[in-house]
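Me: I've got a structure open and I'd like to learn how to read its features. Can you walk me through it?

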Amino acid sequence: MKKKRFSLSSIYRKLETIFLQIYHNWKSYIIKICILFLTIYMLLMFNLNLNIIPYINKVNLQIPLLNTPLGKKINLFYILIHVLSIIPIIVICKLFFKPIKYEEKDEQLVKALMPKTSDDKIKGLAPKTIVMYPNPNNKNNEFWLIYKNSKKTDEFINNQELIQNFLDKKYVKGVRPHASNKVLINLSKLDPSNPETINWNDKFLISYKAGSPKFNLGINNFDEPYIWNTKKLIHEKLGGSTGAGKSIVQKSICYQALRQNCELFIYDGKKIDYTGIWKRLKNCTIVNSIIGFQNMVKMVYEIHLNRTDELKFPCYNIDSFNKFKNPVQPRKHIFLVLEEAADVFDIDVKSLSKEAKEEYLDCIERLKEIARKGRATGVHLCINSQRLSADIIPPQINSNLKFKFCGFADDILSKIILENTDAHDLLKDGIAGMFVDGNHNVVQVFNIDSEIEPVILKPFEITRKTMSDIHRRYDIGDDELEIDGDKLVNEYVEEKEAEDPNYFKVRKDK
């Protein structure tokens, strides 16, 4: 075995390893250092007060050879105690300040990644060093920081199985570039493709004061919170096969939207997901029919137009409008949710009557304008489906659905939702609650089941004791309050159109 040559880069990486250990475990290091200093202090006090030990000066262990040059007698027993006092300090340092395990498995890793490479080429291609330190987001996992040398990041990302086989009883949960010359690998002791369920807890909520909402949807493949920032990605496209957990994700978004003072308009054609307490919530309108959906879109479009007229310099969006104008009633962000969007978009228009066809096409035009201009007026589209075809969503809408999220699916549906096959390649079929976005991030979403729903939605519930006149007008429940959303939106639109037939007319772009 050849002796390793000394190099400044190897010293630098070893120092970086120690730094990472201290950086990610600084709390425990403070305790350890305090214990070390306390031990040193106690031993120092003990050594300075040896004379209090009975008969210690009578122990005749003198060193005659040193007595003359030093000009005094030296007790060998004193020296022995001083030396022994150092041992506890050394033991504590060994136990508390072990350096991180530092291995240079460069050549072995290249053999795993590139099994056909000759031994001569391996030395030049090998990533320089592997540094390990605990994952700060999950203490059961650990990070490997690899100096990749001449290898490309994609070679690590596309060869996760080879790395996993090389690792022995550990799973590669995530791989991503780290600075210009490194790759960060998250290693897990448990199989990340079939994780334990994470039930929703309000501690996951993001602190919200004002501005565009942000939603914490789950844990990504580096055990970090996965955030949907609606300021950057305004509209959502959510897909996946049956049982993937689309409704769980959407309900998580809707609940967090209510917590961030947003208003919900939901179309639930299946009449399954948004029932019970969802039918009696403040700031939440739920419809179940296509006619109800079209009229609900008119209501949202009306709000969109009114806000468009309000936005003048220096208010380019409702966030700046709320900030500079400081209205008595701040403008709320609105989420228009389409559960099973294929029911809306996959309609045989030719079979409709002339009036119904015109009404339907106007509805689609309204959705197109909201998709294009909703960023300014604070109107967000959330389009969900498990049976979309490539041409079903109008291109003007589809191109604006920037936040893409998909559960397990076949490669065709994955391409429709994500424009790649990640939902088929990276997710196991039948494992609910695992999603992937358009940037190859695998996310385990938080679970909101039927037992959690009534508890977390209770603060937004309307009761018959607190209901307003409009709620009383559309109450169709027997034992409990239930608002008929279809009747509400239909009557609202009829009243407005009775006053002005062109009230909800689609505004054409100039």
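Reply: Sure, let's start with one helix. Keep in mind that this is a predicted model. H9 is mostly covered, with twelve of its 14 residues buried. Those are Lys246, Ser247, Val249, Gln250, Lys251, Ser252, Ile253, Cys254, Tyr255, Gln256, Ala257 and Leu258.

Me: What span should the 14 residues of H9 have, and what do the end C-alpha atoms give?

Reply: The idea is to compare the end-to-end distance with what 1.5 Å a residue predicts. For H9 (residues 246-259) the expected span is 20 Å, and the end C-alpha atoms are 20 Å apart, so the two agree. Just after the helix, Asn261 takes a positive phi of about 60°.

Me: Now H13. How far does it reach from its first C-alpha to its last?

Reply: Same kind of check. H13 covers residues 354-377, 24 residues in total, and reaches 32 Å, close to the expected 34 Å. Then look for a bend: H13 has one of about 50° at Ala371. Ala371 is also among the buried residues of H13, as are Tyr360, Asp362 and Cys363. Right after the helix comes Gly378, with a positive phi near 75°.

Me: Which elements do the buried residues of H13 pack against?

Reply: For that, you list the elements in contact. The helices are H10 (290-310), H11 (318-325), H12 (342-345) and H14 (395-398), and the strands are S11 (334-339) and S12 (379-385).

Me: H10 turns up there. At what angle does H10 pack with H19, and how far apart are their axes?

Reply: For a helix pair, read the angle and the axis distance together. H10 and H19 (residues 485-499) pack at about 60°, with axes 9 Å apart. The pair is therefore classed as oblique, and the crossing is left-handed. On the H10 side, the residues involved include Ile291, Gly292, Met296 and Glu302, and they meet a set in H19 that includes Leu488, Tyr492, Val493 and Lys496.

Me: And how do H2 and H4 pack?

Reply: H2 (residues 26-48) and H4 (residues 76-96) pack at about 175°, with axes 10 Å apart. That angle makes H2 roughly antiparallel to H4. Residues making the contact include Ile35, Leu36, Leu43 and Phe46 of H2, and Ile81, Ile89, Ile92 and Phe96 of H4.

Me: Loops next. Is Asn221 buried or exposed?

Reply: Compare relative accessibility with the cut-offs: under 20% is buried, over 50% is exposed. Asn221 sits in the loop between S6 (214-220) and S7 (225-229). Its relative accessibility is 10%, so Asn221 counts as buried. Leaving out residues up to four places away in sequence, Asn221 touches Lys173, Gly174, Asn186, His440, Asn441 and Val442.

Me: What about Ala210, buried or exposed?

Reply: Ala210 lies in the loop between S5 (182-188) and S6. With a relative accessible area of 63%, Ala210 is exposed. You can also set sequence separation beside distance in space: Ala210 and Gln260 are 50 residues apart in sequence, and their C-alpha atoms are 8.2 Å apart.

Me: Let's zoom out. How many helices and strands does the protein chain have?

Reply: The chain has 19 helices and 15 strands. Of its 510 residues, 45% are buried. For contacts, sort by sequence separation: among those between residues at least 6 apart, 62% join residues at least 24 apart.

Notes:
Residues are numbered from 1 along each chain as its sequence is written. This is a predicted model: local features need pLDDT of at least 70, side-chain atom pairs count only at pLDDT 80 or more; totals for chains, interfaces and linings use all residues. Side-chain values use heavy atoms; hydrogens and water are left out. Helices (H or I, at least four residues) and strands (E, at least two) are DSSP runs, numbered from the N terminus. The expected span of a helix is 1.5 Å times one less than its number of residues. The bend at a residue is the angle between axes fitted to the seven residues ending there and the seven starting there. Buried means under 20% relative accessible area, exposed over 50%, partly exposed in between (1.4 Å probe, protein chains only). Contact means heavy atoms within 4.5 Å. Axes are lines fitted to C-alpha atoms, for helices over the stretch in contact, and angles run from 0 to 180 degrees between N-to-C directions. Angles under 35 degrees count as roughly parallel, over 145 as roughly antiparallel, 65 to 115 as roughly perpendicular and the rest as oblique. A crossing is left-handed if the near helix is turned anticlockwise from the far one by less than a right angle, and right-handed if clockwise.
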